[in-house]
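Subject: Structure handover

Hi,

Here is the structure you will be working with. Please load it first, then read the notes underneath.

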Amino acid sequence: MNLAARMSRIGTETAFEAGARARALEATGKSVVHMEIGEPDFDTPSNIREAAKRAFDRGATHYTPTPGIPELREAIAADATARKKFPVSADRVLVMPGGKPVMFFAILALVDEGDEVVYPDPGFPIYESMVNYVGGKAIPGPIRQENGFRLDPDELATLVNERTKLVIINSPANPTGGVSTGEDLEKIAALAHRYDFTVLADEIYGRILYEGEHVSIASLPDMAERTIVLDGFSKTYAMTGWRLGYAIVPETLVTPLSRLIVNSVSCTNAATQWAGVEALTGPQDSVDVMVREFQARRDLIVDGLNAIPGFNCLRPKGAFYAFPDISATGLTGAELADKMLYQGGVCALSGTAFGQVGRRHLRFSYATSSENIAEALKRIRAVVEPIMAAGAGARPGTAR
Ligand SMILES: Cc1ncc(COP(=O)(O)O)c(C=O)c1O
């Protein structure tokens, strides 16, 4: 069958493919520690599950309004006003089946063929995929370890111009755990005003932050009118499989994005939306417990990786990923990821799954138990030590 030409430009999210490779290996009897996928290993808190059951039993089995049930839009508006620190009204909230549709629809709605879009590299792979898919010009905005994995606004200033339609930012970030400072965001906002571009602010890890307070770029003066905030329930409430996310959008985007929702999914699952109301308005202690546990695991994996020769790992400030530089092993991220899976039984991702700037890195999701992390560290050491002993480590920085 002849596919549409645009299909040759669509990318993918390698985490799902790596997971499938690891499971194929497990089917042959090999043990694998899974560190590829970005999802909390915790169960969705029981109060949220119970709310969904009650909703089903009450008959929440029908279509809902396209932008979401009013109760959830109100709850999101109240929560976002408090946490993101700008006034959010419910009519600017669009509920969707996950955070991913927000990027899909925002890019579909805004980016014409040839429009320039700056996206984080390394960053969530779907940004670049979608920009290419719609025929936009995807411009990587380098995220460097030397800069604490923050997008450098001065470097961004060299990448934006009158043709820039959209700049995508993500803080705390996947895959690096980097967090933009308030000052960074102010500089990015000044560029947005100067060149009249829109910002897609992916804040899905906004509550998985280990120090400081989350700052939303939409809270800066006049930025709510040029920012699409992406957020959701997948990470904060361990609800990846429920599919529930949302956008907070400028008034001019409410109708166009609602049109894309009605053309694709009509609305988000009704009972899931009631679960979302409970998530936001019910007790929050399970989020706090989860974040504290992630912080302990972060320290375990960062200290453990830094004790392995050839690894240099920053301590991430947010999200649940470690992104060590492994260039001192003399291997690329892709080569070492393969060895770790097939020789060591640890499934991590090559940094190139997130863009070319990440080629000297590996990404480990530490949203897994401390026991798994300790076992993975042992296995990684067993793979890497012989490589270093054989002298690859004598050529630090040679990996491309
Ligand atoms: C940076 C980032 N944004 C968005 C998403 C998508 O979230 P959801 O599962 O709610 O679609 C992810 C998931 O891994 C992510 O890492």
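The notes below cover the ligand site, two buried residues, and some backbone geometry.

The model is predicted: local features need pLDDT of at least 70, side-chain atom pairs count only at pLDDT 80 or more, and totals for chains, interfaces and linings use all residues. Residues are numbered from 1 along each chain as its sequence is written, and side-chain values use heavy atoms, with hydrogens and water left out.

Ligand site

The ligand has 14 residues around it (a residue is near if one of its heavy atoms lies within 4 Å). The closest are Asp202, Tyr205, Ser234, Lys235 and Arg243. The shell splits into five nonpolar, five polar and four charged residues. Here Ala, Val, Leu, Ile, Met, Phe, Trp, Tyr, Cys and Pro count as nonpolar, Asp, Glu, Lys and Arg as charged, and the others, Gly among them, as polar.

Now the polar contacts (pairs of N or O atoms within 3.5 Å; within protein, one must be able to donate a hydrogen and the other to accept it, and residues adjacent in sequence count only if both atoms are side-chain atoms). Lys235 places a polar side-chain atom 2.6 Å from a ligand oxygen. For Arg243, the side-chain distance to a ligand oxygen is 2.7 Å. Gly99 uses a polar backbone atom, 2.8 Å from an oxygen of the ligand. Taken alone, the ligand exposes 390 Å², and the protein buries 94% of that (Shrake-Rupley method, 1.4 Å probe).

Two buried residues

Glu116 sits in strand 3, residues 116–121 (strands are DSSP E runs of at least two residues, helices H or I runs of at least four, both numbered from the N terminus). Glu116 counts as buried because its relative accessibility is 5% (buried is under 20%, exposed over 50%, partly exposed in between; 1.4 Å probe, protein chains only). Its C-alpha is 4.6 Å from that of Thr164, 48 residues apart along the chain.

Ser129 belongs to helix 5, residues 125–133. At 6% relative accessibility, Ser129 is buried too. Its side chain reaches the backbone nitrogen of Gly11 at 2.8 Å.

Backbone geometry

Most residues other than glycine have a negative phi, and most peptide bonds are trans. Please check these exceptions.

- Asp121 and Pro122 are joined by a cis peptide bond, omega about 0°. Pro122 lies in the loop between strand 3 and helix 5.
- Asn174 to Pro175 is cis, with omega near 10°.
- Lys85, not a glycine, has a positive phi of about 65°.
- Ala319, also not a glycine, has a positive phi of about 60°. Ala319 is buried, at 0% relative accessibility.

Best wishes
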